[in-house]
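Biologist: I'm new to this one and would like to learn how to read it. Could you walk me through it, feature by feature?

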Amino acid sequence: MNRTIIQTGDGSHTLYVQDLGERYHSIHGAIQESVHVFIQSGLRQHEPTADVLNILEIGLGTGLNALLTLIESEKSGFSIKYTAIEAFPLEKELTSQLNYTGLLKADEYQPAFELLHSAEWNKAICISERFELLKLHITLETAMFEPQFQIIYFDAFGPRVQPEMWTDGVFLKLYSSMLQNGCLVTYCAKGEVKRTLKRAGFTVETIQGPPGKREMVRAWKR
Ligand SMILES: C[S@@+](CC[C@H](N)C(=O)[O-])C[C@H]1O[C@@H](n2cnc3c(N)ncnc32)[C@H](O)[C@@H]1O
């Protein structure tokens with residue numbers, strides 16, 4: 001995949017994939033979008049009922065969602081087990097240029113951000129006292145999980161360019177990988193995606209989207 005770094009509206013970086021004509025984040029602001037969709041609408045809505053919150057991310061990519069979650073875990077004091085799958089890991093020459101910790105005024109997290117990317121694949125490691133990371137170098141299509149997740153960050157490329165990521169089979173599999181009262185959040189609010197989520201068993205909410213986007217989806221396993 002041919003990927004180049006570009007700047008978004010809030011100054012934060014994202015990647016542009018030439019072959020797909022698609023970006024990793026909203027052009028209005030990568031940090032702004034990730035905070036709104038995954039942290040504010042997903043992580044912060046979830047009352048931790050257990051000692052450890054178990055999160056699955058579909059598409060680790062730049063590691064922005066993982067970094068924001070790590071920072072949040074330090075601030076709020078709960079522990080996180082973070083599993084992220086990724087089919088096409090980024091090269092170090094790209095990840096080393098990403099400007100996230102600086103813009104977040106969180107320079108003290110830069111070593112953790114680098115560790116998050118350099119960490120061995122398919123092996124759980126502790127990034128901090130409260131944040132355990134398991135990066136799986138696999139495709140979503142081949143992934144299999146026991147029921148364990150309280151939150152899923154569904155951050156695949158959009159259904160226009162990657163329809164195979166938004167199918168009944170995928171959402172059924174994710175539904176069974178979740179615990180009761182778990183939620184899946186995604187930036188995409190297309191009608192067909194909501195119908196597919198409902199068919200898989202989810203209770204679907206359409207909620208306010210990040211700046212520049214009217215709506216997004218939060219889907220619950222009730
Ligand atoms: C929209 S990007 C978001 C990435 C990441 N969450 C971020 O904030 O940078 C989608 C990610 O899904 C990954 N991906 C594409 N096809 C995949 C597949 N079949 N299975 C798992 N990951 C895939 C891409 O490589 C990319 O990292």
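Modeller: Let's start with a helix, keeping in mind that this is a predicted model. Helix 2 covers residues 64–76, which makes 13 residues. From its first C-alpha to its last, helix 2 reaches 18 Å, close to the 18 Å expected at 1.5 Å a residue.

Biologist: Which residues of helix 2 are buried?

Modeller: Here's the general idea: an α-helix has 3.6 residues a turn, so residues three or four places apart point the same way. In helix 2, the buried residues are L64, N65, A66, L67, L68, T69, L70, I71 and S73.

Biologist: And what follows helix 2?

Modeller: That's G77, and its phi is positive, near 85 degrees.

Biologist: How should I read a positive phi elsewhere?

Modeller: As a rule, most residues other than glycine have a negative phi. Here, K105 is a residue other than glycine with a positive phi, near 50 degrees. Another is N122, with phi near 65 degrees.

Biologist: Where do K105 and N122 lie?

Modeller: Both are in loops: K105 between helix 4 and helix 5 (110–118), N122 between helix 5 and strand 6.

Biologist: Why does K105 count as exposed?

Modeller: You count C-beta neighbours, and 12 or fewer within 10 Å means exposed. K105 has 7 inside 10 Å, so it counts as exposed. N122 is exposed too, with 9 other C-beta atoms within 10 Å.

Biologist: What about L103, in helix 4?

Modeller: Helix 4 spans residues 100–103. L103 has 15 C-beta neighbours inside 10 Å, and therefore counts as partly exposed. Leaving aside residues up to four places away in sequence, L103 touches G11, S12 and I31. For a distance along the chain versus in space, take L103 and A119: they are 16 residues apart in sequence, and their C-alpha atoms are separated by 23 Å.

Biologist: Now strands. Which way do the side chains of strand 7 point?

Modeller: They alternate along residues 131–136. F131, L133 and K135 point to one face and are buried, while E132, L134 and L136 point to the other and are not.

Biologist: Which strands pair with strand 7?

Modeller: Strand 5 (residues 79–85) pairs with strand 7 in the parallel sense, over six bridges. In that pairing, I80 has F131 as its bridge partner. Strand 6 (residues 125–128) is joined to strand 7 by three bridges, and those two run antiparallel. There, I125 stands opposite L133. Strand 6 and strand 7 also form a hairpin, with two residues between them.

Biologist: How many residues of strand 8 are buried?

Modeller: Six of its six, so to speak the whole run of residues 149–154. Strand 8 is joined to strand 4 (residues 52–58) by four bridges, running parallel, and I58 stands opposite F154. Strand 8 also pairs with strand 9 (residues 178–186) in the parallel sense, over four bridges. In that pairing, Y153 stands opposite V185.

Biologist: How do I read the order of strands in a sheet?

Modeller: Follow which strand pairs with which. One open sheet here has three strands in the order 1-2-3, with antiparallel pairing. Its edge strands are strand 1 (3–7) and strand 3 (22–23), each pairing on one side only. Strand 2 (residues 13–17) is joined to strand 3 by two bridges, and Y16 has R23 as its bridge partner.

Biologist: There's a ligand as well. Which residues come nearest to the ligand?

Modeller: Among the 17 residues around the ligand, those are G59, G61, T62, A87 and D155. Sorted by character, the shell holds nine nonpolar, five polar and three charged residues.

Biologist: Let's zoom out. How many helices and strands are in the protein chain?

Modeller: Seven helices and 11 strands. The radius of gyration of the chain is 16 Å, close to the 17 Å that the globule rule gives for 222 residues, so the chain is as compact as a globular protein of that length. Along the principal axes, the C-alpha atoms fill a box of roughly 40 × 40 × 30 Å.

Biologist: What share of the residues is buried?

Modeller: Buried residues make up 37% of the 222. As for contacts with a separation of 6 or more, 65% are between residues 24 or more positions apart.

Technical notes. Residues numbered from 1 in each chain as written. Predicted model: local features only at pLDDT ≥ 70, side-chain atom pairs only at ≥ 80, totals over all residues. Near = placed C-beta within 6 Å. Nonpolar A, V, L, I, M, F, W, Y, C, P; charged D, E, K, R; others polar. Pairing = 2+ DSSP bridges. Expected span 1.5 Å × (residues − 1). Buried ≥ 20, exposed ≤ 12 C-beta atoms within 10 Å, placed from the backbone. Rg over C-alpha atoms; globule rule 2.2 N^0.38 Å. Contact = placed C-beta atoms within 7 Å.
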